[in-house]
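Got the model open in your viewer? Here is a short tour, one selection at a time.

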Amino acid sequence: MLVMLGSILLVAVCSSGAGAGERGTARGPLQLSVSNPRYFTDGSQKVIYLTGSHTWANLQDMGTGDPPLMFDFSSYVKFMEAHGHNFMRMWVAEQARWVPWTSADVYVDPLPFTREGPGLALDRNPKFNLEKFNQKYFDRLRARIMEAGEHGIYVSVMLFNGWSIEKKGGAGNPWLGHPFNKDNNINGIDGDLNGDNEAIELYTLNEDPRIRASLVRQEAYVRKVIDTVNDLDNVLYEITNESRLISVPWQYHMINVVKLYESTKPKQHPIGMTGLHEGGEPISNISLYNSPADWISPNNSDPYMNDPPSAHESKIIISDTDHLWGIGGNYSWVWKSFLRGLNPIFMDPWEPIPATADPKNDPNFHEWTLLRRAMGDTLRFAQRMGLSAMVPRGELASSSYCLANPDREYLVYLPSDGHFGVNWFDRFHLHGWVNWFSKAMGWSQTVSVDLSVSSKVFQVEWFNPRTGQTMPGGTTVGGGRQSFTAPFSADAVLYLAADS
């Protein structure tokens, strides 16, 4: 069956100097790179491209049992390291029971507050005391960030979650299990002002005394998190996951709370604001760009999904499949995002989300193998190139996907001309047959790259991101617009290293 064939990737490079952070222990907290503000750097001053997996239970255990089975964090970070990943979001659910996507009972443990009563909460366990922190939660947070750091992984600590305070149109109601529900704590805290059994107003700066009292507890919790992890270098923060547009002033406030408190501490870490649950493009993403956050993750909009826009210098963009597809994405999106100066990450069902029937909620779904590999491959290219000087220059390549340091390095992605579907030959392991048949049909892919500013001799090397195969390709001389044809039909990476 003849359908889409795949894509071609071209890399034109002159130097293999370290342009991104080396894997291993972080060398100081991340900070904005002065040389290339699309990326972070650390104490080594090397530009660091972030990419990797994240999965829902990587901090708190989640499941249909009470208590839920413990997540195997050590196996997960080893899996990430084996795939060459260097970044994860560390998820938080604020509620002890119930979730929006199902009416089935889903439990979460541990939470940041002690459960000592007197009296029972709505989940029939002891009520929360919001004046006392559950040290077990914070000890686990610290230990897991440290373990991730030992495997070269940066961790973004999620502080709040918009999926914990409302139904989101789903079948369950997490607010029934939230510590700030008046029926679940001994402190008289109530985040539901209008009595609709949800608490969208909890993430606002409403002057009502109930919300002001809640804000005091929220800020104390944030300070406790900072006290717990401030001395660790591989830390970032994320204010909340997919909260509503009404939360924007509150999110700005919490970003400033983090910055102000960390200013009194030995180390300062980047703070992120991520895709909103509503508002649409461009309103919700404008609120991210206008925020005091150091990095952002835009929400679902066609450009970021199918033709990612080039990153510019106003914000570091960690582009997340979570806010684009939910459970979704593909390897081609990773390469496109990388070539546009973005930092792509994947919401990975390595530990499937509980009580979800989506067939993509499966760690072995056929797309995920290539997607995971693509993130590791792009990181290796980022570390091989002089990324500090490379910027999106789509006009230099006929495909429009190009990172370049003109006269020295060019990284180009060539989308498919459309003969075979990725899903078919990935699913049935037809790579060799497709390559043979495509060559026989003359379907090799060609891209032109403007090398007019260079007169250097480039060593040519091809890499196949589907198979991991590397092939030498001779040499070429700069000057004018050059054409390059892949030696195989599937996606390809062309690496041109100019002689010094």
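Is Trp350 buried, partly exposed or exposed? Select Trp350 and show the surface: with a relative accessibility of 21%, Trp350 counts as partly exposed. Keep in mind throughout that this is a predicted model.

**Stop 1: the whole chain**

Zoom out for a moment and color by secondary structure. You should find 11 helices and 25 strands. Of the 500 residues in the protein, 60% are buried. The accessible surface comes to about 18,100 Å², and carbon and sulfur atoms own 53% of that. If you like contact maps, take the contacts with a separation of 6 or more: 71% of them join residues 24 or more positions apart.

**Stop 2: aromatic pairs**

Now for the rings. The protein has 24 aromatic pairs. Go back to Trp350 and add Phe79: the two make a tilted pair, 5.8 Å from centre to centre with 35° between the planes. Phe79 sits in helix α1 (residues 73–82), while Trp350 is in the loop between β17 (343–347) and α9 (366–384), so this pair ties together parts that are 271 residues apart in sequence. Phe79 is buried, at 13% relative accessible area.

Next, select Trp325 and Trp333. Their pair is edge-to-face, with 5.7 Å between the centres and 90° between the planes. Trp325 is partly exposed at 30% relative accessibility, whereas Trp333 is buried at 1%.

Then pick a whole group: Phe113, Phe133, Tyr137, Phe138, Phe160, Phe180, Tyr203, Tyr221 and Trp250. Ring pairs link these residues into a cluster. Stay on Phe138 and bring in Lys224, whose charged end sits over the ring of Phe138, 5.3 Å from the ring centre.

**Stop 3: Gln60**

Which loop holds Gln60? Look between β5 (52–54) and β6 (61–63), and you will find Gln60 there. Gln60 counts as buried because its relative accessibility is 2%, and the cut-off for buried is under 20%.

Show the side chain of Gln60 and look for two backbone partners. One of its polar atoms lies 2.6 Å from the backbone nitrogen of Ala93. The side chain of Gln60 also reaches the backbone oxygen of Pro110, at 3.0 Å.

Now display the surroundings. Setting aside neighbours within four places in sequence, the contacts of Gln60 include Trp91, Val92, Val108, Asp109, Leu111, Tyr137 and Arg140. Tyr137 should look familiar, as it belongs to the ring cluster from the previous stop. For a distance check, draw a line from the C-alpha of Gln60 to that of Met70: they are 8.2 Å apart in space and 10 residues apart in sequence.

**Stop 4: salt bridges**

Side chains of opposite charge can pair when their charged atoms come close. How many salt bridges does the model have? The count is 26.

Start with Arg140, a contact of Gln60. Arg140 forms a salt bridge with Asp61, and their closest N and O atoms are 3.3 Å apart. Asp61 is in strand β6 and Arg140 in helix α2 (residues 135–150), so the bridge ties together parts that are 79 residues apart in sequence. Both Asp61 and Arg140 are buried.

Move on to Arg115 and Asp123, whose side chains meet in a salt bridge at 2.8 Å, N to O. Here Arg115 is partly exposed, with 27% relative accessible area, and Asp123 is buried at 6% relative accessibility.

Now select Asp307 and Arg340, another salt bridge, at 3.0 Å from N to O. This pair links distant parts of the chain, 33 residues apart: Asp307 is in the loop between α6 (302–306) and β16 (316–320), and Arg340 is in the loop between α8 (331–339) and β17. Asp307 is partly exposed at 40% relative accessible area, while Arg340 is buried at 8%.

**Last stop: Arg89 and its partners**

Finish by selecting Arg89, Glu238, Asp320 and Asp322, which are linked in a network of salt bridges. Then add Trp91 to the view. The charged end of Arg89 sits over the ring of Trp91, 4.6 Å from the ring centre. Trp91 is also one of the residues in contact with Gln60, so you can hop back to Stop 3 from here.

Key. Residues numbered from 1 in each chain as written. Predicted model: local features only at pLDDT ≥ 70, side-chain atom pairs only at ≥ 80, totals over all residues. Heavy atoms only, no water. Helix = DSSP H or I, 4+ residues; strand = E, 2+ residues; numbered from the N terminus. Buried < 20%, exposed > 50% of the residue type's maximum accessible area, 1.4 Å probe, protein only. Contact = heavy atoms within 4.5 Å. Areas by Shrake-Rupley, 256 points an atom, 1.4 Å probe, with all protein chains shown as cover. Polar contact = N/O pair within 3.5 Å; in protein donor to acceptor, adjacent residues only side chain to side chain. Phe/Tyr/Trp six-rings, centres within 6.5 Å; stacked < 30°, edge-to-face > 60°. Lys NZ or Arg CZ within 6 Å of the ring centre and 35° of its normal. Salt bridge = Lys/Arg side-chain N within 4 Å of Asp/Glu carboxyl O.
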